Amino acid sequence: MPREFTPKVVTANALIEGDVVYQTADDRWTRDLSEAELIKDEGLANLRLAQAEGQPELVVGAYLADAAPSEDGPQPTHFREEFRRTGPSNYFHGKQAELTDV
Amino acid sequence: MYNYSEFDAAFVAERNRQFRAQVERRIDGSLTEDEFKPLRLMNGLYLQLHAYMLRVAIPYGTLDSAKMRQLALLAEKWDKGYGHFTTRQNIQYNWPELRDVPDMLDALAEVGMHAIQTSGNTIRNVTADHFAGAAADEIADPRPVAELLRQWSTDHPEFQFLPRKFKIAVTGAPADRAVTMAHDIGLQIVERDGEIGYKVIVGGGLGRTPMIGKVIAEFVSQEDLLPYVEAVVSVWNLLGRRDNKYKSRIKITVHEHGIDDIRARVEERFKVIRPTFSGIDVQLFEEIKAAFAPPAFRDESTAIYETAYKTDPIFRSWADVNLAQHRAPGYAIVQISLKAHGETPGDATAEQMRVMADLAERYGHDELRISHEQNVILPHVHKSDLPAIHAELKKHGLATANIGLISDIIACPGMDYCALATARSIPIAQEIATRFDELKLEHEIGELKIKISGCINACGHHHVGHIGILGLDRAGVENYQITLGGDHTETAAIGDRTGPGFSADEIIPAIERIVEAYLEVRTSAEEPFIKTYRRVGMAPFKAALYEQAEAYAAE
Ligand code: HEM
Ligand code: SF4
């Protein structure tokens, strides 16, 4: 039996600012993980990653990150992705500061 | 202080101009990331977790107020108002935007600074004792030779694509404050029959396979130094393993071939290279040395200092801990702690940088140093100025009296910023400092160096911490491994692992148990942690760490 595929999101860094971004189902890049497309199929995940890699003028270093579904959209399953989602723990800087501005 | 020549300035300007064009071409899409990445790394620009990171070299940790003010300007104008001083006498900016970096580099160039060779497989920023030119125990100032090495290595055509990065550190005193034993090449200035020369150590390094360097030459004369160092790098350039990144550093080459084999090869190579050095380097060295002439020290009463010392206990405790002995009578070396309890080790705000620049200009012969321990030094201060300096530092959160104590922690950026990290380091450092401040035990414990890294690369020097902490990822959870007995000085040693690691919740209590065990077994307050560890070994600490923990769990 094939190994069960853990759901993924496509994530990268924005080219200019370096901010962590996620791919949405309608092909935008969002800074908010809850808006990301949660991909449950391996073939589709690879396709979406390839599409992301085809946008070097927008993002760098795209990869697939594990995520879990929740009422509030995809959630990180590993602490590294948790820190990428929020920003550093020593200052209220980066995304955590920006997202409250929204 | 050494000032760069017109040639240097033109070289940096040309590099910046090229890089500006490369950034433009990356942004307009004509360069791919694969093409751009090596170019940005050549200019000290990394992509980290949340943003780009620009690493700026502070050669041998020396700067003047103009340079420090410019670092403040960069922090304010293009970053989030602060910078992070590292263990390699660099400053890192954590939040620049790609399009601003060329402007940042131009601003640095205005004051003779740059980010060249702060990354990549080249000879990196040459580091030195942060008390250089000031320390009472110094044989000779290590900075002229560090500057000579900097000029020789910058853009050296043979050394731009080495098997791996290469780091050189120099100390001019028997007390090693430059961690020379854990560098690819460590140079120790020594004196033999009245002649100044160099003891050369090779193959030290931290990271995945930590090693203490080995002596390859007991005495190399000034005339022979540059060709000798070139011979070492060139032998490694040939032998160093390019097939495996983890085996490419010179420490592995030395380990695999043995120091005697390497020494023989270096001597062989030296014979070939030596005649190609015409002596211009020795002439240049004399010129550089003249540029590092000590300032004109004042001969004045220190009565103001003595009075403050007697009457002001806060000043006294700061002076007891943060001052070091200067070579000139009536003078002191001031160590400014960037480790206020609960703050990020090594961070300084733009305002704090300006305060330190002002103090250096007003009271410190316009000199500042950055230490590998992530603190700032005013190397030449007359004691009568100390009360005024202390008062000013106090106003800006810079008067923490903790140099060398448990809260004077080296911590790398860890997973809060670094893309390579396996766990966070900063919050652990913050919690330890806060905890021991609450316990009011810090001064009672005395000298104790804690060093924390967020992954095996060991940028936080954990292997050579009296207590070393290494952050790891254990099955998706942050886990911290402890080593004890590391030492970064002339008696360098790699710490021993205590056993299984601790979770983020358990690590602070674990450190506390180590410290309690130390307070119990030390002969007196005069026996610092590292000496106690050497006397009693691991057993009492291991018991405190694990048996007590088991006892708690069983309750
Ligand atoms: C954040 C970006 C950084 C990256 C990508 C990075 C990368 C690395 C890597 C890959 C190594 C291992 C080298 C090896 O042994 O082959 C290393 C070692 C080291 N780094 Fe960093 N580092 C970073 C930040 C820092 C900082 C902030 C410091 C100082 C606080 C630092 C100082 C050092 C030192 C002292 C070593 C010691 C290992 C040795 O060369 O023997 N690095 N770094
Ligand atoms: S030790 Fe690891 S986590 Fe820390 S700065 Fe170095 S590479 Fe990053």
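## A helix of chain B and its aromatic pair

B:Asp505 belongs to helix α16 of chain B. The structure described here is a predicted model. With a relative accessibility of 70%, B:Asp505 counts as exposed. Its C-alpha atom is separated by 9.4 Å from that of B:Asn479, and the two residues are 26 residues apart along the chain.

## Aromatic pairs

Over all chains, a search of the whole structure finds 16 aromatic pairs. One of them is formed by A:Phe79 and A:Phe83, with 5.9 Å from centre to centre and 55° between the planes, a tilted arrangement. The two residues are four apart in helix α2 (residues 79–86) of chain A, so about one helical turn separates A:Phe79 from A:Phe83. Both A:Phe79 and A:Phe83 are buried.

A further aromatic pair, B:Tyr518 with B:Phe529, is edge-to-face, at 5.5 Å centre to centre and 65° between the planes. Because B:Tyr518 lies in helix α16 (residues 504–521) of chain B and B:Phe529 in helix α17 (residues 529–536) of chain B, this pair ties together parts that are eleven residues apart in sequence. B:Tyr518 counts as buried, at 0% relative accessibility. B:Phe529 is also buried, and its relative accessible area is 0%.

## An aromatic cluster and charges over rings

One aromatic cluster in chain B is made up of B:Tyr305, B:Tyr309, B:Phe315 and B:Trp318. B:Tyr309 also has a charged neighbour: B:Arg316 lies over the face of this ring, 5.9 Å from the ring centre. Another arginine, B:Arg208, has its charged end over the ring of B:Tyr246, at 3.7 Å from the centre of that ring.

## The surroundings of ligand 1

Which protein atom is a donor of the iron atom of ligand 1? The only protein donor is SG of B:Cys459, at 2.1 Å. B:Cys459 is placed in the loop between β17 (450–453) and β18 (467–474) of chain B.

Ligand 1 is surrounded by 23 residues, and the closest are B:Gln48, B:Thr87, B:Lys167, B:Leu206 and B:Cys459. By type, the shell around ligand 1 divides into eight nonpolar, nine polar and six charged residues. Polar side-chain atoms of basic residues also approach the ligand in three places. For B:Arg164, a polar side-chain atom lies 3.3 Å from an oxygen atom of ligand 1. For B:Lys165, the partner is a nitrogen atom of ligand 1, at 3.2 Å from a polar side-chain atom. In the case of B:Lys167, an N or O atom in the side chain is 2.8 Å from an oxygen atom of ligand 1.

## The surroundings of ligand 2

How many charged residues are in the shell around ligand 2? The shell has no charged residues, and divides into eight nonpolar and four polar ones. Among the residues around ligand 2 are the cysteines B:Cys412, B:Cys418, B:Cys455 and B:Cys459. The residues around ligand 2 also include B:Pro413, B:Gly414, B:Leu420 and B:Ala421, as well as B:Ser453, B:Gly454, B:Asn457 and B:Ala458. B:Cys459 thus appears here, and also as the protein donor to the iron atom of ligand 1.

## Positive phi angles

Most residues other than glycine have a negative phi. A:Asp27 has a positive value, near 65°. A:Asp27 is in the loop between β2 (20–23) and β3 (29–30) of chain A.

In chain B, phi of B:Asp366 is also positive, near 60°. B:Asp366 is in the loop between α12 (350–363) and β14 (368–370) of chain B. With 27% relative accessibility, B:Asp366 counts as partly exposed.

## Separation in sequence and in space

A:Ala65 is placed in strand β4 (residues 59–68) of chain A and counts as buried, at 5% relative accessibility. A:Ala65 and A:Ala12 are 53 residues apart in sequence, and their C-alpha atoms are 9.6 Å apart in space.

B:Ala303 is found in helix α10 (residues 303–311) of chain B. At 38% relative accessibility, B:Ala303 counts as partly exposed. From B:Ala303 to B:Arg26 the separation is 277 residues in sequence and 61 Å in space, C-alpha to C-alpha.

Methods:
Residues numbered from 1 in each chain as written. Chains lettered and ligands numbered in written order. Predicted model: local features only at pLDDT ≥ 70, side-chain atom pairs only at ≥ 80, totals over all residues. Heavy atoms only, no water. Donors = N, O, S within 2.8 Å, 3.2 Å for Na, K, Ca; no water. Phe/Tyr/Trp six-rings, centres within 6.5 Å; stacked < 30°, edge-to-face > 60°. Buried < 20%, exposed > 50% of the residue type's maximum accessible area, 1.4 Å probe, protein only. Lys NZ or Arg CZ within 6 Å of the ring centre and 35° of its normal. Near = heavy atom within 4 Å. Polar contact = N/O pair within 3.5 Å; in protein donor to acceptor, adjacent residues only side chain to side chain. Nonpolar A, V, L, I, M, F, W, Y, C, P; charged D, E, K, R; others polar.
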